[in-house]
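User: Please take a close look at one part of this structure and explain how its residues are connected. A single, continuous account would be preferred, with the reasoning set out where a classification depends on it.

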Amino acid sequence: MFSAQIEQFINKKKYSTFSPKAVFFDMDGVLFDSMKCHSSAWAQAMQSVGLPFTVLEAYMNEGRTGASTIDGVFIKTLGREATEEEKQTIYAVKSSFFEACNKTVRMPYALELLEKVKAQKLQIFVVTGSAQPSLLDGLKTNFPGIFHKGKIVSAIDIQFCKPHPEPYLLALKKSGLQPWEVIVVENAPLGVESATAAGLFTIAVNTGPLDPTVLLESGANLVFKDMNELYQNWETFSSNWK
Ligand code: CA
């Protein structure tokens, strides 16, 4: 199992091998079960200023920075970008709805999977569009001994957000590895696009309400229904590497 997808990846990218030495994890919707709160907070914040935006649209925009998400809705609805003031106002409203909702719940089987990956002596990175100042604290509290400061790429490190490849290319640079030495775990279509554009083998876990074909169409090499299914299949997947 999975050897066909790996071979397809190698051939398509014209690599000569697939020999993972690191796993790059997206954060929201992969490590934290936070997307229900993010998506409802976005929908409520946009609707509070009279802009139409559904929970499903929030999932489709997941991975963008806050500013980029707000600009997208303004361009679609009003034909112009948002001003800095509008962005700050809407983002503050979104953040307050999110804070009221979020309890920072670890995604089921995320810690168990990370422990397997750590035991395999693979490097572990986080690549997120989030700019939360308490990001590292949250990771350290919920995943003790797994994450380190130098192995996090967040919104403050990048010029272009997902679906641009920059976030994953920056993680690749920090890791010192080649693209055929990395696996990405993502849950969002734009995150998958970003990772595959960076040339990386991308596993999607469909932890939200999306049709799984959306993730395949975004370029995911493998799609699992949740982190538990990925966790259960990890050894089988690993047995196909060089
Ligand atoms: Ca995500």
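Analyst: A salt bridge is taken here to be a side-chain nitrogen of Lys or Arg within 4 Å of a carboxyl oxygen of Asp or Glu. The model is a predicted one, and in it a network of salt bridges links Asp 26, Lys 162 and Glu 186. Within this network, the pair of Lys 162 and Asp 26 has its closest N and O atoms 3.1 Å apart. The two residues come from distant parts of the chain, 136 residues apart: Lys 162 belongs to the loop between β3 (152–153) and α8, and Asp 26 to the loop between β1 and α2 (35–48). Both Lys 162 and Asp 26 are buried.

Asp 26 also takes part in the metal site. The calcium ion is coordinated by Asp 26 (OD), Asp 28 (O), Glu 62 (OE) and Asn 187 (OD1), at 2.1 to 2.3 Å. Along the sequence, these donor residues follow the spacing D-x1-D-x33-E-x124-N. Two of the donors, Asp 26 and Glu 62, are 36 residues apart and link distant parts of the chain, with Asp 26 in the loop between β1 and α2 and Glu 62 in the loop between α3 (55–60) and α4 (66–78). Asp 26 and Glu 62 are both buried.

The network can be set beside the other salt bridges of the model. By the rule given above, eight salt bridges are counted. One of them joins the side chains of Glu 181 and Lys 21, with an N to O distance of 3.2 Å. Glu 181 lies in the loop between α8 (166–175) and β4 (182–186) and Lys 21 in the loop between α1 (3–13) and β1 (22–25), so this pair ties together parts that are 160 residues apart in sequence. Glu 181 has 12% relative accessibility and therefore counts as buried, whereas Lys 21, at 38%, counts as partly exposed.

A further salt bridge lies within one helix. The side chains of Lys 87 and Glu 84 meet at 3.7 Å, N to O. Both residues belong to helix α5 (residues 84–101) and are three residues apart, about one turn of the helix. Lys 87 counts as buried because its relative accessibility is 12%; Glu 84, at 53%, counts as exposed.

Several of the loops named above adjoin strands of a sheet. Six strands form this open sheet, with parallel pairing, in the order β3-β2-β1-β4-β5-β6. At its edges stand β3 and β6 (222–224), each with a single partner strand, so one side of each has no neighbour in the sheet. On the β3 side, strand β2 (residues 123–127) runs parallel to β3 and is joined to it by two bridges. In this pairing, Val 127 stands opposite Val 153 in β3.

On the β6 side, Asn 221 lies in the loop between α10 (212–217) and β6. Asn 221 has a relative accessible area of 19% and is buried, because the limit for that class is under 20%. A polar atom of the Asn 221 side chain lies 2.8 Å from the backbone nitrogen of Thr 202. Apart from neighbours within four places in sequence, Asn 221 is in contact with Gln 5, Phe 9, Leu 200, Phe 201 and Thr 202.

To return to the starting point, Asp 26 is a member of the salt-bridge network with Lys 162 and Glu 186, and Asp 26 is also a donor to the calcium ion.

Methods. Residues numbered from 1 in each chain as written. Predicted model: local features only at pLDDT ≥ 70, side-chain atom pairs only at ≥ 80, totals over all residues. Heavy atoms only, no water. Helix = DSSP H or I, 4+ residues; strand = E, 2+ residues; numbered from the N terminus. Buried < 20%, exposed > 50% of the residue type's maximum accessible area, 1.4 Å probe, protein only. Pairing = 2+ DSSP bridges. Donors = N, O, S within 2.8 Å, 3.2 Å for Na, K, Ca; no water. Polar contact = N/O pair within 3.5 Å; in protein donor to acceptor, adjacent residues only side chain to side chain. Contact = heavy atoms within 4.5 Å.
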